[in-house]
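Dear colleague,

Please find the structure below. A summary of what was found in it follows.

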Amino acid sequence: MTTTSQTNMNKQSPGRLREFLAGIGNVDRRWIFLSMALAVGVPILLKLRFPEVPGPMAKATFDAVESIPEGSRVLLSFDYDPASAGELQPMASALVYHCASRHHRIVFMALWPLGKQMADKTIKDVLLEFHPEYKYGVDYVQLGYKAGNEGVIKLMTTNIPGQYPTDADGAALSKMPIVADAADLRAFKFIGSLSAGYPGAKEWVQYAKGNTPDAFKVVGGSTGVQVSQLLPYYPKQMEGLLVAIKGAAEYEMLVTSKYPAAQHADRLEEGRRRMGPQLVAHLLMIGLIVLGNVAMIAGRGMKGGAR
Amino acid sequence: MSTANTQTSAPGRSDLRWLWISLMVFSVAALAANALLRKDGMAHRYVEVIEFERVEAKAVVESSANAAGTETAQTEWVDPTDARLANGTLRLVEGVAPIKWKLHKDVASTTEANETIARRAAGDMSAPVVELSMWNSLGVWAAALLTLGIFSFLYRDNPYYKVSESLLIGSSAAYWMINGFWTTIVPNLFGKLAPDVVRAYAIPSLPVSEHPGLDAGLAFVPLILGFMLIWRLAPKGGWIAVWPLAFIIGTTAGLKLVSSIESDLMAQAVATMKPMVVFAAPSTSAVASSAVSAVNFWATVGSLVGVVGVLSVLTYFFFSVEHKGAVGKAARLGVWFLMITFGSAFGLTVMGRITLLAQRLEFLFNSWLNIN
């Protein structure tokens, strides 16, 4: 009797295991949402961080800012809005801090309507916080948002005063030393576009870099979704590229290693802070993909299972 | 088998409803406790209050006729502590009341605010004036509740989510419309047609044109095209809207054609033509003397992978030859390259989405719950 029962169990156990594995594929998706929330939330609360090793693209971006003479005129275009700030704001903060640490004169502009607000926030929280000596109109200026997408870039390649007679607040740019003599984009040594889509870094390469390839360096900071479109431009048409939050964290590492911040250093650690949750969430994703495949294979041939 | 499968595979559909409800009740209780019991509380936003005062003054010019000097007609608003008032080069204009205003500057953290408040309460008058900002705190509450409203869709579609979503879409659309009106239509159209009116009532700094008549005439072109474009809303004559559309498409195509050929075709083709074998830069005499050791192995592998990848993917998209034999194998290899590319793009997308979630959770933990 016992022998028969054991034999039956042995015969049944692979079936139960298979049923259990196949059942994983039908788990309520809300459990997955909850586990993802925990995978991201717990590392934030525990302040989980890992060391970042800068990659070639982040190094190239750093070198692009370093290679131009100190005090150069640079153009930073904030082509994103709050929906992408999670990825792009850390890059913006580090880039502005880096440029200011090199005493570059910074011209802010935006091709996205809310980009101006993003630039204003960066000026207030980073530029003037770490470099209060920066004077408006002399060391930096805010051109604000201008409608027209790539048309704005196209016109800037030939006539900046015509395109921007005034700054964002309506003050005449002809009276501001930082841009009074800037006739076109060749007046800049460096153009950085923090880009969440169209118009953005791609348009800066196509219409600015394509027009005058050797006049200035172009660097892009991109969201993870968009970066596939920009990778072909690196390194020939784009001297540097920051890829999503990973690129931001690597760039932060490079910038703060050379120019450590005396206070409010946390404002230059946003990227690195968000890499801890990335690791745990990615491990969860990989685990879920493996489980999903196991469930699919186990469910093959079963009623309601995968074929 | 079907019953067993349902029991093991769908644990959260109906039988675990109470678990979800308990989780929500616990969350609300924890939030209430956090708000009421902790000293720092939730969503407390503090501001530093900076007071400004300006008085109207006239410059005083030394005069031989008047020992006290003569006031000039030009006035300026200066700080009451301005040194020129003390030394007599500026004199207050009598009968004009000073103007005062306050500037509110965000304080970075609740801890910093509490420390500053404590210093001032202890008699340190050099500490800035810091006070709780009701409006900023309400703003944090609104943002947090709307964030939770969007997250609530993960449980199921519900009215709370719909309200949050509608608010987001409505406010975004309104912002775009208002922004477009004030940054495009007012300066570029009204500013050309009636510059004096725009300067008087809307944009005082509107640049003065050298050819106002010509500008006004040219502005009629986009005005007429704009009217033609919205004609499609009229019950008849929809064809009128086709002409401005043709103009827009033609202009865009003209703008994009040259840049696409230069940047996306020619420059990309040039960037693809790499040397198959990459040699390291002869930085040392040892490397320079040995051609074998000067080969950069991994860069060479990268070049070869690039060449093979480009050719195989192009073969996959070359449909003039049947995908059989060597061509079929090359096309199959191209599919693998494409799959790896799509996988990489998917990975980057996942990274982006996780970052957005992390940012919102950081906001909830730091700015709203004040627990991190």
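**Domains and chain contacts**

In this predicted model, the domain assignment divides chain A into domain 1 (22-51 + 274-307) and domain 2 (56-270). The contact between them draws on 4 residues from domain 1 of chain A and 8 residues from domain 2 of chain A. Taken over C-alpha atoms, the centres of these two domains are 37 Å apart.

About 520 Å² is buried between domain 1 and domain 2 of chain A, with carbon and sulfur atoms giving 53% of that area. On the side of domain 1, A:R49, A:R274 and A:M275 lose the most area to domain 2, together 89% of what that side buries. There are 2 salt bridges between the two domains, and 3 residue pairs are in polar contact across their interface. The residues on the domain 1 side comprise 1 nonpolar, 1 polar and 2 charged.

A second interface joins chain A and chain B, to which chain A contributes 61 residues and chain B 54 residues. The area buried there is about 4900 Å², and carbon and sulfur atoms account for 61% of it. In chain A, the residues that lose the most area to chain B are A:R30, A:W31 and A:I44, together 13% of what that side buries.

Between these chains there are 4 salt bridges and 14 residue pairs in polar contact. Helix 2 (residues 29-46) of chain A gives the most to the side touching chain B, with 11 residues. That side of chain A divides into 30 nonpolar, 15 polar and 16 charged residues.

Finally, please look at A:R274. This residue forms a salt bridge with A:E270, with the closest N and O atoms 3.1 Å apart; A:R274 also forms a salt bridge with B:E362, where the corresponding distance is 3.0 Å.

Yours sincerely

Methods. Residues numbered from 1 in each chain as written. Chains lettered and ligands numbered in written order. Predicted model: local features only at pLDDT ≥ 70, side-chain atom pairs only at ≥ 80, totals over all residues. Heavy atoms only, no water. Domains from an automatic or database assignment. Contact = heavy atoms within 4.5 Å. Buried area = accessible area lost by both parts, 1.4 Å probe. Salt bridge = Lys/Arg side-chain N within 4 Å of Asp/Glu carboxyl O. Polar contact = N/O pair within 3.5 Å; in protein donor to acceptor, adjacent residues only side chain to side chain. Nonpolar A, V, L, I, M, F, W, Y, C, P; charged D, E, K, R; others polar. Helix = DSSP H or I, 4+ residues; strand = E, 2+ residues; numbered from the N terminus.
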